[in-house]
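Please open the predicted model in your viewer, and keep a selection panel at hand for the stops that follow.

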Amino acid sequence: KQWYQRRVPITAGGEGSSREHAALEPRHLGGKAIIVRSFARIHETNLKKQGMLPLTFADHADYDKVQPGDKVSILGLTSFAPGVPLTCKLTHPDGSTDEFSLNHTFNDNQIGWFKAGSALNAMAQ
């Protein structure tokens with residue numbers, strides 16, 4: 001509750017369940033993106049439907065660059081397109097930065113869900 005009230009970004013995991021709760025919870029807690037090494041297909045799709053960004057490390061070794069307390073920025077969203085990787089910029093607590101590529105599997109329709117905030121919002125437009 002305290003993290004939600006302070007709008008502190010969270011790290012969340014999920015299951016490949018057909019239940020959408022695994023995607024609803026990170027969104028409810030203020031999450032915007034989930035960055036992992038790999039996804040179960042159904043979980044990845046459920047995150048997309050909730051307006052979240054399910055992203056994977058283009059280079060799995062970049063996982064080790066993430067440190068506690070990092071500020072995470074996702075770059076490239078203004079030109080978000082199918083097949084075009086996004087960039088993660090980490091600003092570490094000491095002020096140093098790292099950047100690396102993130103892959104996604106969004107198609108044009110799913111990008112519309114993200115821009116609308118969720119698949120339901122896109123349908124209501």
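Begin by selecting Phe-80 and Phe-114, both of which are buried. Their rings form an edge-to-face aromatic pair, with 5.6 Å from centre to centre and 90° between the planes. Because Phe-80 lies in the loop between strand 3 (71-75) and strand 4 while Phe-114 belongs to helix 4, the pair ties together parts that are 34 residues apart in sequence.

Next, extend the selection to the largest nonpolar core, which has 12 residues in all and includes Phe-80 and Phe-114 along with Leu-53, Leu-86, Cys-88 and Ile-111. Strand 2 (53-57), strand 4 (86-91), strand 5 (97-103) and helix 4 (108-116) are the elements that each give two or more residues to this core. A second, separate core of 6 residues can be selected afterwards, with Ile-34, Phe-39, Leu-47 and Met-52 among its members.

Returning to Ile-111, show its surroundings: leaving out residues up to four places away in sequence, Ile-111 touches Phe-80, Ala-81, Pro-82 and Phe-106. Over the face of Phe-106 lies Lys-48, at 5.0 Å from the ring centre.

Now move to the aromatic cluster formed by Phe-57, Tyr-63 and Phe-100. Within it, Phe-57 and Tyr-63 make an edge-to-face pair, 5.8 Å centre to centre with 75° between the planes; Phe-57 is buried at a relative accessible area of 4%, whereas Tyr-63 is partly exposed at 42%. Arg-37 lies over the face of Tyr-63, 3.8 Å from the ring centre.

Finally, select Thr-56 in strand 2, which counts as buried because its relative accessible area of 18% falls under the 20% limit. Beyond its neighbours within four places in sequence, Thr-56 is in contact with residues including Arg-37, Phe-39 and Leu-102.

Notes
Residues are numbered from 1 along each chain as its sequence is written. This is a predicted model: local features need pLDDT of at least 70, side-chain atom pairs count only at pLDDT 80 or more; totals for chains, interfaces and linings use all residues. Side-chain values use heavy atoms; hydrogens and water are left out. A nonpolar core is a set of buried Ala, Val, Leu, Ile, Met, Phe, Trp, Tyr and Cys residues joined through side-chain atoms within 4.5 Å. Buried means under 20% relative accessible area, exposed over 50%, partly exposed in between (1.4 Å probe, protein chains only). Helices (H or I, at least four residues) and strands (E, at least two) are DSSP runs, numbered from the N terminus. Contact means heavy atoms within 4.5 Å. Rings of Phe, Tyr and Trp (its six-membered ring) pair if their centres lie within 6.5 Å; planes under 30 degrees apart count as stacked, over 60 as edge-to-face and the rest as tilted. A charge sits over a ring if NZ of Lys or CZ of Arg is within 6 Å of the ring centre and within 35 degrees of the ring normal.
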